[in-house]
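Student: I'm new to this one. Could you take me through a single part of it up close, starting with how two packed helices sit against each other?

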Amino acid sequence: FFFFFFFFFFFKQKTAYEISACLVGSEMCIRDSSMTDYGNPEYWERRYKEKQSTFDWLESYKSLQFIIKELITPESRVLVLGCGNAAFSEDMYDDGYKYIDNCDISGTVIEQMRERSADRKEMTYEVMDVRDLKYGSEKYDLAVDKSTIDALLCGNDAYYNVALMTKARTL
């Protein structure tokens, strides 16, 4: 199982719950009001209703293709966390990786992506909060997060929310 983070976040010798317990309510969990509130699900609903154009945060599939081909086969199961309206999953699918599940907290973007990818039958899109994934354990060979952690870090209770997302479990 591989988990891509383009923002690496490591916890030493403590579980996510132990860390989150000491962070909730601390100054480290209160968002700077001058920052865009990327950690707020309402922000994403507004954004995807207003801006429907495709946007790839950080990296495109093409820029990561050589790494992905080293890690998995086209038969592998892939989870894309916080998929947004990026072309990443579509490009990956078109390159032969058919078993891709995408999740995002925004119902608006999930509907847009289902419509946009209707001809990609094996690929799914679900509304889901990455802090409370409903997928079974050991289902995926690769989980991709291009910037969801970054978004969570820009919201209130940032470290707690990241701890929930990265809690010890095998996807």
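Tutor: Let's start with a bit of vocabulary: angles under 35 degrees count as roughly parallel, over 145 as roughly antiparallel, 65 to 115 as roughly perpendicular and the rest as oblique. Keep in mind that what you're looking at is a predicted model. Now find α2 and helix α5, residues 107-116: their axes are 7 Å apart and make an angle of about 40°. That's why α2 and α5 are oblique to each other. On the α2 side, the contact is made by E45, Y48 and K49, and on the α5 side they meet G107, T108, V109 and Q112. Sorted by class, this contact holds two nonpolar, three polar and two charged residues.

Stay with α2 (41-50), since this helix also supplies at least two residues of the lining of the largest pocket. That pocket holds about 460 Å³ of space. Its lining is made up of 32 residues, and W44, G82, D104, T148 and A151 are the ones nearest its centre. By class, the lining has 18 nonpolar, eight polar and six charged residues. The largest share, four residues, comes from α6. Other elements that give at least two residues each include β2 (78-81), α4 (88-94) and β3 (100-104).

One last stop is strand β3, where you'll find N102. Its relative accessibility is 0%, so N102 counts as buried. Leaving out residues up to four places away in sequence, N102 touches V80, C83, S89, M123, T124, Y125, E126 and Y135.

Methods: Residues are numbered from 1 along each chain as its sequence is written. This is a predicted model: local features need pLDDT of at least 70, side-chain atom pairs count only at pLDDT 80 or more; totals for chains, interfaces and linings use all residues. Side-chain values use heavy atoms; hydrogens and water are left out. On a 1 Å grid over the protein atoms alone, a cavity is a set of points where a 1.4 Å probe fits but cannot get out, and a pocket is an open set with protein on both sides within 12 Å along at least five of seven lines; lining residues have an atom within 4 Å of a point. Grid points are joined across faces, edges and corners, and a volume is the space filled by probe spheres set on the points. Ala, Val, Leu, Ile, Met, Phe, Trp, Tyr, Cys and Pro count as nonpolar, Asp, Glu, Lys and Arg as charged, and the others, Gly among them, as polar. Axes are lines fitted to C-alpha atoms, for helices over the stretch in contact, and angles run from 0 to 180 degrees between N-to-C directions. Contact means heavy atoms within 4.5 Å. Buried means under 20% relative accessible area, exposed over 50%, partly exposed in between (1.4 Å probe, protein chains only).
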